[in-house]
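Open the model in your viewer and set it to a cartoon view. The tour moves from the strands to the core and ends at a loop.

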Amino acid sequence: MERNERKIRVGKVVSDKMDKTVVVAVEYKTQHKLYKKPIISTVKFKAHDENNECHVGDIVRIEETRPLSKQKHWRVVTIVEAAK
């Protein structure tokens, strides 16, 4: 049986205070409908981090998964870039 294509996002870790959970902020760049000016909007996702490897400032790739808790529907796949 083949899995469906899962949503993947790349974002920055903004909080790692919870156990096995990180908050990842993903930025989207859209254009204003009337004025055509670029608008940056941010969406925050709670992602499962099994080994508590992520820290604030890391750039991570997250993938959609089954509901792990009330607000957790994503999991950390890889750390793209570690914070300095």
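Two strands count as paired if DSSP finds at least two bridges between them. The model is a predicted one. With that rule, colour the strands: five of them close into a barrel in the order β1-β2-β3-β5-β4, and the pairing is mixed. From one strand to the next, the twist averages 50°. Strands of a sheet pair through backbone hydrogen bonds, either parallel or antiparallel.

**Stop 1: β2 and β3.** Select residues 21-31 for β2 and 38-48 for β3. This pair is antiparallel and held in register by 11 bridges. To find one position in the pairing, pick Ala25, which stands opposite Lys44 in β3.

**Stop 2: β4 and its two partners.** Now select β4, residues 59-64. On one side is β1 (residues 8-15), antiparallel to β4 and joined to it by five bridges. Show Lys12 here; its bridge partner in β4 is Ile59. β4 also pairs with β5, again in the antiparallel sense, over six bridges. In this pairing, Val60 stands opposite Ile79 in β5.

**Stop 3: the core.** Show side chains for Val13, Val22, Val24, Val26, Phe45, Ala47, Cys54, Val60, Ile62, Trp74 and Val76. These 11 residues form the largest nonpolar core. Two or more of its residues come from each of β2, β3, β4 and β5, and β2 gives the most, with three. In soluble globular proteins, nonpolar side chains tend to be buried together.

**Stop 4: Val76.** Stay in the core and centre on Val76, one of its members. Which residues does Val76 touch, not counting those up to four places away in sequence? The list is Val22, Ala47, His48, Asp49, Cys54, Val60, Arg61 and Ile62. Among them, Val22, Ala47, Cys54, Val60 and Ile62 also belong to the core.

**Stop 5: Pro67.** Leave the core and go to the loop between β4 and β5, where Pro67 is placed. Is Pro67 buried or exposed? Pro67 counts as exposed because its relative accessibility is 54%, and the cut-off for exposed is over 50%. Leaving out residues up to four places away in sequence, Pro67 touches Lys72 and His73. Finally, draw a distance from the C-alpha atom of Pro67 to that of Arg6: the two are separated by 13 Å, and the residues lie 61 apart along the chain.

Note on methods
Residues numbered from 1 in each chain as written. Predicted model: local features only at pLDDT ≥ 70, side-chain atom pairs only at ≥ 80, totals over all residues. Heavy atoms only, no water. Core = buried A, V, L, I, M, F, W, Y, C linked by side-chain atoms within 4.5 Å. Buried < 20%, exposed > 50% of the residue type's maximum accessible area, 1.4 Å probe, protein only. Helix = DSSP H or I, 4+ residues; strand = E, 2+ residues; numbered from the N terminus. Contact = heavy atoms within 4.5 Å. Axes fitted to C-alpha atoms, helices over the stretch in contact; angles between N-to-C directions.
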